[in-house]
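Here is a friendly briefing to read alongside the model. Please keep the structure open as you go through the points.

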Amino acid sequence: MKRIRLAGSIAAVAVMGLAISAQTPATKKKLLVIGEEKGYRHEAVTHAMVTIDKLGRDTGLWDTVIRTDTEALTKKKLEYNAKNLNDFDAIVFYTGGTLEMDEQKRADFMSAIHDDGKGFVGIHSATITFTSWSDYGEMIGGYYDEHPWNTFDAPVLVEDPAFPGMKAWKPSFVLTDEIYQMKNFSRSNTRVLMRLDPSKLDLANPRVHRADRDFPVAWAKMYGTGRVFYTTLGHVEANWDKPEMQTMITEAIKWALRLVDADVTPRPMP
C-alpha cells in the first residue's frame, strides 16, 4: 500500500512539474525598466518599478534591470559589465520630460523596437516623455494633453476583455487615479483596451479638448515588428498594490515579451 501511495505521489509531482514547465520559458526574458523624470516627479515611480521586478520574480517569467538613467538605451558596447539594448527583450518607461539621449541613442532605441521586435510598455507619464520627438510619439501612440479632472474617481469601461489581463477588471469600474487626455492619438493605429465612460464625466470642464469624447485609458499597438502597450493608470501609488493592476501589468509585459498573443487590430470607438 505504501509503495502504491509513493508511486502516486511521484506521479502527481511529475504532472505538476510538467504544468509549471509548460508555463515557464526555458530561459527567462530580460526586462529593462527606466524610471527617469525630467519634469514632474511622480512619487509612484519607485514602487511601480519594484512591483514590476517582483512580478517577474513571482511568475518566474522575466528578470528585471532597473535604471534611473538612459545609459542602456544604446546598441553600442558599454564599459565593464554594463548592459545595452541588445541584452533586453522589452523596455518599460515610467518616465517624463526630455531624457538625455543623443541622436545615435534615439536611433538605436527606435530600431530596437521597430526593427528588432523588442517590446515596449509605457506607464502613465511615458506620454509626457519626448514630446518634441515625433518618432517617439508615433511609437507610443499619443501624447499627454492635460488631465481635465486631475486625480478623481474615474469611471472606466473595459473595451477589449479579450486582451491579456483585461478580464481582471470588471466590465465597468471606478478607480481613483489621474487619467490623461490624449492628443496625436488615433484609433486608426491603436487598439483601445479601456476608456473613460463619457456619460459619467464632466464634459463642461474647459480643459476637455477632445470633441469626439474619446478618452483611452489603455491601448496596444504594433510599431514595426515591436509590440507596444500603454496605460495612463499608475499615478496613485496604492493602485500598484491592487491585484487587478498587477494582473494587467503582468499580462501586458508578457504580451510585449511575446509570451502570449493578442489581436491588436485597430477598431473604431464602439
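How many bridges join S1 to S2, and do they run parallel or antiparallel? The two strands run parallel, and 6 bridges join them. This is a predicted model, in which local features need pLDDT of at least 70 and side-chain atom pairs count only at pLDDT 80 or more, while totals for chains, interfaces and linings use all residues. Residues are numbered from 1 along each chain as its sequence is written, and side-chain values use heavy atoms, with hydrogens and water left out.

**Overall picture**

- The protein has 5 helices and 11 strands; these are DSSP runs numbered from the N terminus, with helices being H or I of at least four residues and strands E of at least two.
- Its radius of gyration is 20 Å, which agrees with the value near 18 Å for a compact globule of 270 residues (taken over C-alpha atoms; the globule rule is 2.2 Å times the number of residues to the power 0.38).
- Along the principal axes, the C-alpha atoms fill a box of roughly 75 × 50 × 35 Å.
- Buried residues make up 52% of the 270 residues (buried means under 20% relative accessible area, exposed over 50%, and partly exposed in between, with a 1.4 Å probe and protein chains only).
- About 12,900 Å² of the protein is exposed, and carbon and sulfur atoms supply 52% of that area (Shrake-Rupley method with a 1.4 Å probe; for residues, only the protein chains shown count as cover).
- Among contacts with a separation of 6 or more, 75% come from residues 24 or more positions apart (contact means heavy atoms within 4.5 Å).

**The sheet**

- Nine strands form an open sheet with mixed pairing, in the order S2-S1-S3-S4-S11-S10-S9-S6-S7 (two strands pair if DSSP finds at least two bridges between them).
- Strand S2 (62-67) and strand S7 (172-178) are the edges, each pairing on one side only.
- From one strand to the next, the twist averages 20° (axes are lines fitted to C-alpha atoms, for helices over the stretch in contact, and angles run from 0 to 180 degrees between N-to-C directions).
- Strand S9 (residues 191-196) pairs with strand S10 (residues 216-223) in the antiparallel sense over 4 bridges, and Arg-195 stands opposite Pro-216 in S10.

**S1, H2 and S2**

- In the S1 and S2 pairing, Lys-29 stands opposite Trp-62 in S2.
- Together S1, H2 and S2 make a right-handed β-α-β unit (right-handed if, with the strands pointing away from the viewer, the path from the first strand over the helix to the second runs clockwise).
- Helix H2 (residues 45-59) lies across strand S1 (29-34), S2 and strand S3 (90-93), and runs at about 165° to S2.

**Around Tyr-144**

- Tyr-144 lies in strand S5 (residues 143-144), and counts as partly exposed because its relative accessibility is 24%.
- Leaving aside residues up to four places away in sequence, Tyr-144 touches Thr-127, Ile-128, Tyr-180, Gln-181, Met-182 and Lys-183.
- The C-alpha atoms of Tyr-144 and Gln-181 are separated by 6.1 Å, although the two residues are 37 apart along the chain.

**Positive phi in two loops**

- Asn-150 is found in the loop between S5 and strand S6 (151-158), with a positive phi of about 55° although it is not a glycine; its relative accessible area of 37% makes it partly exposed.
- Arg-213 is found in the loop between S9 and S10, has a positive phi near 60° and is also a residue other than glycine; at 31% relative accessibility, Arg-213 counts as partly exposed.
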